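Reader: I am new to this structure and would like to learn how its features are read. Could we look at the model together, one feature at a time?

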Amino acid sequence: MRPTDRDVEIFKLLTRYRYLPSDYIHAFVGGNMKALSRRLNFLSRKPNLYLARPHQQRDNADANYRRLIYELDERGSRVLRERGLSFLPKSHHRNFAHELMVAQIMASVELGTKENKNIRHITWSEILASEKT
């Protein structure tokens, strides 16, 4: 199975935001939520394994009532590398809840800037690459 262009957009999204629930991914890529959930499930199961579902999400008491959370797995990173795109290698993080919270806040800010054409989201890489920095 070869990932679609939309799959690659999801992989790139998960390089910007290490962890994201399926509803956040949907907010970025659009389309039918049910179809997207099935696709994310497909990408995270054997034999594909492009995405991972962090096991820490199961530690929450109401885990069965929340959207599934995804992160980029090694095979998804390989697809990005083959296309010459940058990615962060998968690594262990000690505070999953904090990492997820940060990712959701930053993703919310980016989504908010997309709704208002007078505001532009400036990424860390743009800031660091600027001659003024």
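Author: Let us start with side chains that touch through polar atoms, bearing in mind that this is a predicted model. The side chains of Arg-18 and Tyr-19 are joined by a polar contact of 3.0 Å, and the side chain of Arg-18 has a further polar contact, of 3.2 Å, with that of Glu-71.

Reader: Where does Arg-18 sit in the chain, and is Arg-18 buried or exposed?

Author: Arg-18 belongs to the loop between α1 and β1, the latter being residues 20-21. A residue is called buried when its relative accessible area is under 20%, and because the value for Arg-18 is 18%, this arginine counts as buried.

Reader: How is the length of a helix to be read, for instance that of α1?

Author: One compares the span from the first C-alpha to the last with the span expected at 1.5 Å a residue. For α1, with its 12 residues, the reach is 17 Å, close to the expected 16 Å. Buried within α1 are Asp-7, Val-8, Ile-10, Phe-11, Leu-13, Leu-14 and Thr-15, and the elements that cover these buried residues include β1, α2, α3, β2, β3 and α4 (74-82).

Reader: What does the comparison of spans give for α3, and which of the residues of α3 are buried?

Author: Helix α3, which runs over residues 33-44, has 12 residues and spans 16 Å, close to the 16 Å expected. Its buried residues are Met-33, Leu-36, Leu-40, Leu-43 and Ser-44. Looking down the axis of α3, one finds these buried residues within an arc of 95°, so they line one face of the helix. The face turned away from that buried side carries Lys-34 and Arg-38, which are exposed.

Reader: What do the buried residues of α3 pack against, and which residue caps the N-terminal end of α3?

Author: The packing partners of the buried residues of α3 are α1 (5-16), α2 (22-29), β2 (51-52) and β3 (69-72). The N-terminal cap is Asn-32, with a side-chain oxygen 2.9 Å from the backbone nitrogen of Lys-34.

Reader: How should I read a single residue of that helix, such as Ser-44?

Author: One can take burial, then polar contacts, then the wider set of contacts. Ser-44, a residue of helix α3, is buried, with a relative accessible area of 12%. Its side chain reaches the backbone oxygen of Asn-41 at 3.0 Å, and the side chain of Ser-44 also makes a polar contact of 3.3 Å with the side chain of Arg-53. Once neighbours within four places in sequence are left aside, Ser-44 is in contact with Leu-49, Leu-51, Arg-53 and Tyr-70.

Reader: Which backbone features should I look for in the loop between α3 and β2?

Author: Peptide bonds and backbone angles both deserve attention there. Pro-47 lies in that loop, and the peptide bond that joins Lys-46 to Pro-47 is cis, with omega about 10°. Leu-49 is found in the loop between α3 and β2 as well, and Leu-49 has a positive phi of about 55° although it is not a glycine. With 33% relative accessibility, Leu-49 counts as partly exposed.

Reader: How does α5 compare with its expected span, and which residues of α5 are buried?

Author: Helix α5 has 20 residues and reaches 29 Å from its first C-alpha to its last, close to the 28 Å expected. The buried residues of α5 are Phe-96, Leu-100, Ala-103, Ala-107, Glu-110, Leu-111 and Thr-113. Seen along the axis of α5, these buried residues lie within an arc of 155°, so they line one face of the helix. On the other side of α5, Ala-97 and Glu-115 are exposed, while the buried residues pack against α1, β1, α2 and β3.

Reader: How much space lies in the second largest pocket, and which residues are closest to its centre?

Author: A pocket can be described by its space and by the residues that line it. The second largest pocket holds about 310 Å³ of space. It is lined by 16 residues, of which Gln-57, Asn-60, Arg-66, Ile-69 and Leu-100 are the closest to its centre. Helix α5 (residues 96-115) provides the largest share of the lining, four residues.

How values were computed. Residues numbered from 1 in each chain as written. Predicted model: local features only at pLDDT ≥ 70, side-chain atom pairs only at ≥ 80, totals over all residues. Heavy atoms only, no water. Helix = DSSP H or I, 4+ residues; strand = E, 2+ residues; numbered from the N terminus. Expected span 1.5 Å × (residues − 1). Buried < 20%, exposed > 50% of the residue type's maximum accessible area, 1.4 Å probe, protein only. Arc of directions from axis to C-beta. Contact = heavy atoms within 4.5 Å. Polar contact = N/O pair within 3.5 Å; in protein donor to acceptor, adjacent residues only side chain to side chain. 1 Å grid on protein atoms, 1.4 Å probe; cavity = no way out; pocket = protein on both sides within 12 Å on 5 of 7 lines; lining within 4 Å. Points joined across faces, edges and corners; volume = space filled by probe spheres on them.
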